[in-house]
Amino acid sequence: MALTLYVDTARWRAHHKHVQEQFPGLVPVCKGNGYGFGHERLSEEATRLGADLLAVGTTYEAARIKDFFGGDLLVLTPYRRGEEPVPLPDRVIRSVSSVDGVYGLVGARVVIEVMSSMKRHGVSEQDLPQLHQAIENVRLEGFAIHLPLDRTDGSDAVEEVIGWMDRLRAARLPLHTMFVSHLKAEELIRLQQQFPQTRFRARIGTRLWLGDHEATEYRGAVLDVTRVAKGDRFGYRQQKAASDGYLVVVAGGTSHGVGLEAPKALHGVMPRAKGVARAGLATVNRNLSPFVWGGKQRWFAEPPHMQVSILFVPSDAPEPHVGDELVAHLRHTTTQFDRIVDR
């Protein structure tokens, strides 16, 4: 019995097609844990879409994915001198974010990242005059800009890209291709209309693979159910049951990513209040699990184990049975399933 990722395959792929139609020249992104689906599966789906280029996070990912995807691979993490060399085929394109990085990749295929309002990495406007000589010894595949998700200052994403297009053009650098991230379809159309000689290619991961939330569902199988009375001791730490109910052992533990949560940016009073409430409950060993039974998310009876979690289900809820499956609200990018089932 397993933690299973169920996929409504027809619906999932229909969403892929819809995104592809909105973003001509789409570059699918497959990085990390493959957005919960794994590298091999997403490589197959990118091939099904007819993608000629697949973006990956690191050179180590490129070394693995090259065996699953036959087209070009774009490594998103910028090259740095002194990094561990990883043998890669010529169809791998490296991102660079500095003039020094360009000089360090003589003969290689490169995409040069410019510094956006993300302020993460990229060449600056002051670097542009030095790029003329640097790009003579590489095969320039284009420039790239990685934009923020939120714009709390009211600024315009398109105007930010236009600003960089104008700077690159003023520096007389080649503008045949610009890779962009986190633009809306209508924003991409605006850019393409303003710069018809440049091919804009959107690098998309989350919106492509996870944009239709109803197309996928995690479920954990019930492995054991034990009835307990109020005051009974249980578990590694021999805690007491707070009331009558059931201890439910369900597939899905820390090795799957259950109980692990990435920090979230909270906006507004209510989300912050809920965050404070959760933190307060955690101090008295009350942690809400991602598993749902009887229409409610159930509490962990104790912290999740490596491959299973133990939940407490009160006696007024329907009794779970071995073999039942509990829906689990899990984050795809931090979850590892035991099996995937297409339906």
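## A predicted model in outline

Residues 24 or more positions apart make up 67% of the protein's contacts with a separation of 6 or more. The model is predicted. Its mean pLDDT is 93. A pLDDT of 70 or more is reached by 92% of the residues.

**The whole protein**

The protein contains 9 helices and 18 strands. Of its 343 residues, 48% are buried. The table gathers some overall values.

| Property | Value |
|---|---|
| Box filled by the C-alpha atoms, along the principal axes | roughly 75 × 45 × 40 Å |
| Accessible surface of the protein | about 17,500 Å² |
| Distance between the mean positions of the positive and negative charges | 3 Å |

Carbon and sulfur atoms account for 51% of the accessible surface. The charges number 42 positive and 40 negative.

**The sheet**

How many strands form the open sheet? There are 8 strands in it, and their pairing is parallel. Their order is β2-β9-β8-β7-β6-β5-β4-β3. Strands β2 (27-28) and β3 (53-56) are the edges. Each of these edge strands pairs on one side only.

Now take one pair from this sheet. Strand β5 covers residues 92-96, and strand β6 covers residues 109-114. The two run parallel, joined by 3 bridges. Val96 stands opposite Ile112 in β6.

**A stretch of low confidence**

Where does pLDDT stay under 50? It does so over residues 271-285. For this stretch, the model has 7 contacts beyond four places in sequence.

Note on methods:
Residues are numbered from 1 along each chain as its sequence is written. This is a predicted model: local features need pLDDT of at least 70, side-chain atom pairs count only at pLDDT 80 or more; totals for chains, interfaces and linings use all residues. Side-chain values use heavy atoms; hydrogens and water are left out. Helices (H or I, at least four residues) and strands (E, at least two) are DSSP runs, numbered from the N terminus. Buried means under 20% relative accessible area, exposed over 50%, partly exposed in between (1.4 Å probe, protein chains only). Contact means heavy atoms within 4.5 Å. Accessible areas come from the Shrake-Rupley method with a 1.4 Å probe; for residues, only the protein chains shown count as cover. Lys and Arg count as positive and Asp and Glu as negative; His and the chain ends are not counted. The place of a charge is taken as NZ of Lys, CZ of Arg, CG of Asp or CD of Glu. pLDDT is the predictor's confidence in each residue, from 0 to 100. Two strands pair if DSSP finds at least two bridges between them.
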